[in-house]
Amino acid sequence: MATARKGRELFTILETSADTESTTVCDSQDSPLNLSADVKWFEIPYRKPDSDEEDEVREEEDGEGENGFTSTAAAAETADAASFIAGGGCNIILVTGSNGIEHDEEEYAEDCYYSTSTNCSDTTSNDSDIDFSDLEEEERRSFFSFEDDLDEDCTSPDFWGEPDQVISIEPFSAVSGPQHSLGDDADTRDYFRILFPDSLFEHMVEQTNNYALYRQRRSGKSDPHWHPTDVREMKAYVGLNILMGINQLPDTGMYWASDIFIGNAGFKKTMTARRFEKLTQYLQLCDRESEPVRGERGYDGLFKIRPLLDVVENTMWDAYMPNRCLTIDKCAILMKGRFSPTQYMPSKPLRKGLTVWMLCDSRSGYCHRAKIYVGKSNEDEVVASLGYRVVTSLVRGLEGQYHHLFMDSFFTSVPLLQRLLRDGLYACGPTQPGRKGYPEVLRPRNVGKLSQGEFYQCQRGNLVATVTRDVKVVSCLSTNSAPGIVGISPGRQHRDTDGEGESDSMDSSGLSFGVPRPLPLLLYQENMRGVNLCDQLRECYQVGRPCKKWWRYFLWFYVNLCIVNAYIILRESRGGTPPAGFNGKQFTQRHFRVRLAQQLIGDYQGARGMERAARKRHADSPIEYGHRLERMSERSRRCRNCTNKGLRHESVFGCKICNVHLCRGGCFSEFHK
């Protein structure tokens with residue numbers, strides 16, 4: 001195979017001076033598919049050799065690369081092209097033709113159509129990656145119909161061919177964006193209610209009360225500190241957990257500390273620390289008495305959170321219709337308890353955690369669907385790989401809407417992209433070169449050592465396989481990008497120790513230009529960020545406290561996810577306008593969470609909270625309002641006032657109204673002050 005071209009150039013460079021730039025540079029509305037609108041690009045047509053010597057060189061090089069793939073020039077020619085384009089201010093180069101294949105100029109002009117579409121944020125655009133204005137309707141259907149090709153073996157030597165075919169990309173015209181009927185007077189609680197309805201709070205209250213009785217029956221003892229909860233208290237409990245993610249303290253009890261520099265007056269006013277602990281102890285989402293045991297018929301590994309999943313998965317899907325560009329990726333949840341599907345990933349920042357597969361919007365980060373990993377399937381027959389099953393389950397309901405999916409190498413495979421293309425979905429992402437169906441000629445042992453920016457491609461209709469070297473060798477599969485398109489994006493200016501900028505190719509503005517990349521990698525880098533955006537918003541403020549029960553992590557994960565999605569819906573629905581009553585300059589996620597927690601808590605005060613408020617108002621005379629030192633029990637317990645001061649004293653006396661043990665002496669009056 002030939003990796004260098006002698007006697008001819010890889011590209012025919014158009015004029016890129018400032019005088020002719022206005023006639024060659026496309027508008028921002030005609031940028032390549034799914035790329036940023038501010039990127040400039042040029043269409044560089046294929047140049048047929050003019051001399052017989054160049055034809056002879058062409059034949060010699062075609063003889064060396066006869067396996068049906070395309071190569072770029074050597075690194076030196078790439079650097080020359082990059083430096084030439086940098087001088088003209090060009091960021092993206094489009095190459096409309098396959099290198100190493102001869103075309104007649106008239107036929108080639110009719111066969112190559114590179115129409116462009118707007119950025120993935122536009123939801124009403126009907127532009128496509130390929131223009132079909134001069135193609136017959138039967139040819140368009142034949143380009144897109146892959147049902148016959150799917151029946152063929154993707155591992156056969158004749159499956160892949162030259163990258164000189166015209167790809168077919170249908171326009172995206174489905175309804176997308178937030179779907180709700182809230183008015184301008186809607187507040188944060190209303191947007192959160194779309195995703196986490198009040199029926200879930202009612203279900204949590206019912207199952208929590210039932211579980212408290214169930215535990216007391218099993219133990220044979222009644223809990224004197226427990227009384228049934230209600231919806232108002234459950235909302236206040238969730239609101240306090242949201243505030244704990246903003247005002248983070250190492251221990252839960254510190255929020256109720258008597259130290260004025262640590263304790264939180266709002267927490268003390270809402271409910272006592274013991275009541276918060278009791279709600280945490282008996283919190284439940286399912287009927288534990290009817291839970292099937294492992295091995296029984298109807299066993300569900302996610303039975304404890306199944307009622308939550310049934311509601312939240314539907315609300316997240318219905319509240320926001322997916323845009324054109326979507327991301328599929330994995331997120332991890334930190335866990336300290338025991339759960340069999342917990343994965344240990346030593347190479348990741350989060351080494352031990354729970355795995356959740358997510359389908360998110362590439363632009364906003366809205367999570368449309370999440371799938372929890374519960375371990376390997378017990379079925380004897382393996383229908384498909386894990387990545388194949390995950391992707392097909394996440395995109396269920398999107399068939400025929402021509403979305404563009406971007407995923408990492410764990411999912412991407414030839415059978416999966418064929419299946420998605422048959423269902424009317426386009427995909428792009430890196431892959432492992434050793435997987436089934438990947439072209440044999442593009443495997444590392446056949447490609448050899450690549451120069452930086454050099455790439456090879458094979459094609460089968462819309463399916464394009466690419467291998468290139470950026471920082472390292474990358475193998476890629478795509479069905480939404482035409483072959484032979486190369487991009488050079490602006491990089492950062494490097495500075496040496498003396499502070500002087502130096503780079504291989506610099507333009508007048510001081511920006512350096514990076515390594516040329518094929519279009520599939522450019523699309524992947526631009527749109528493979530949806531799950532990362534969602535994780536950034538979710539990880540800023542955690543909800544809930546660590547515990548040993550695995551299902552609690554999923555409960556707070558979905559509550560946090562509903563908060564993030566509600567914030568995105570509010571931001572896009574109101575166009576950046578904050579809710580009424582907000583006086584700040586910018587309504588951030590932190591403001592959204594604080595406002596939501598305050599509205600969930602409202603004016604709720606537990607019985608002890610009202611007594612504590614009255615006690616604070618009349619601290620000068622506690623005995624007048626029923627507080628008196630008397631014998632609490634026969635068994636001595638630790639004095640609450642001494643414990644707050646870091647001392648250990650026990651007493652059988654205390655205050656029955658406050659339900660605390662206190663030493664006889666100054667602890668009674670000191671505690672009530």
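**Salt bridges, surface and strands in a predicted model**

Visitor: What relative accessible area does Arg 193 have?

Guide: In this predicted model, Arg 193 counts as partly exposed, a class that lies between the buried limit of under 20% and the exposed limit of over 50%. The value that places Arg 193 there is a relative accessible area of 31%.

Visitor: With which residue does Arg 193 form a salt bridge whose closest N and O atoms are 3.3 Å apart?

Guide: The criterion asks for a side-chain nitrogen of Lys or Arg within 4 Å of a carboxyl oxygen of Asp or Glu, and a separation of 3.3 Å between the closest N and O atoms satisfies it for this pair. The partner is itself partly exposed, because its relative accessible area comes to 24%. The residue that meets Arg 193 in this way is Asp 198.

Visitor: In the salt bridge between Arg 419 and Asp 423, how far apart are the closest N and O atoms?

Guide: Arg 419 is partly exposed at 26% relative accessibility, whereas Asp 423, at 17%, counts as buried. Their side chains form a salt bridge in which the closest N and O atoms are separated by 2.9 Å.

Visitor: How many residues apart are Arg 517 and Asp 470, the pair that links distant parts of the chain?

Guide: These two side chains meet in a salt bridge with an N to O distance of 3.0 Å. Arg 517 lies in strand β20 (residues 517–518), while Asp 470 sits in the loop between β13 (463–469) and β14 (473–478), and the separation along the chain is 47 residues.

Visitor: What relative accessibility makes Asp 470 count as buried?

Guide: A residue is buried under 20% relative accessible area, and Arg 517 therefore qualifies with 14%. Asp 470 falls under that limit too, its relative accessibility being 13%.

Visitor: Which Lys belongs to the network of salt bridges that share partners?

Guide: The structure holds 23 salt bridges. Some of them share partners and thereby join Arg 189, Asp 190, Arg 193 and Asp 198 into one network, which also includes Lys 235.

Visitor: Which residues make the nonpolar surface patch of about 390 Å²?

Guide: One member, Ile 260, is found in the loop between α9 (231–246) and α10 (265–270). Ile 260 is exposed, because its relative accessible area of 72% lies over the 50% limit. The patch of about 390 Å² is made by Ile 260, Phe 261 and Ile 262.

Visitor: Which strands stand at the edges of the open sheet with the order β21-β24-β25?

Guide: The sheet has three strands with antiparallel pairing, in the order β21-β24-β25. Each edge strand has a single partner, so one side of it is left without a neighbour in the sheet, and these strands are β21 (630–631) and β25 (660–661).

Visitor: Which residue of β25 stands opposite Gly 654?

Guide: Strand β24 (residues 653–655) runs antiparallel to β25, to which two bridges join it. Across from Gly 654 stands His 661.

Visitor: How many of the nine residues of helix α16 are buried?

Guide: Helix α16 spans residues 519–527 and is mostly covered. Its buried residues include Leu 519, Pro 520 and Glu 526. Of the nine residues in α16, the number buried is seven.

Visitor: Over which residues, starting from residue 1, is the pLDDT below 50?

Guide: The protein chain has a mean pLDDT of 75, with 67% of its residues reaching 70 or more. One stretch has 72 contacts in the model beyond near neighbours in sequence, yet its pLDDT is below 50, and this stretch comprises residues 1–31.

Technical notes
Residues numbered from 1 in each chain as written. Predicted model: local features only at pLDDT ≥ 70, side-chain atom pairs only at ≥ 80, totals over all residues. Heavy atoms only, no water. Patch = residues over 30% accessible without salt bridge, like charges linked within 9 Å, V, L, I, M, F, W, Y side chains within 5 Å. Areas by Shrake-Rupley, 256 points an atom, 1.4 Å probe, with all protein chains shown as cover. Helix = DSSP H or I, 4+ residues; strand = E, 2+ residues; numbered from the N terminus. Buried < 20%, exposed > 50% of the residue type's maximum accessible area, 1.4 Å probe, protein only. Pairing = 2+ DSSP bridges. pLDDT = per-residue confidence, 0-100. Contact = heavy atoms within 4.5 Å.
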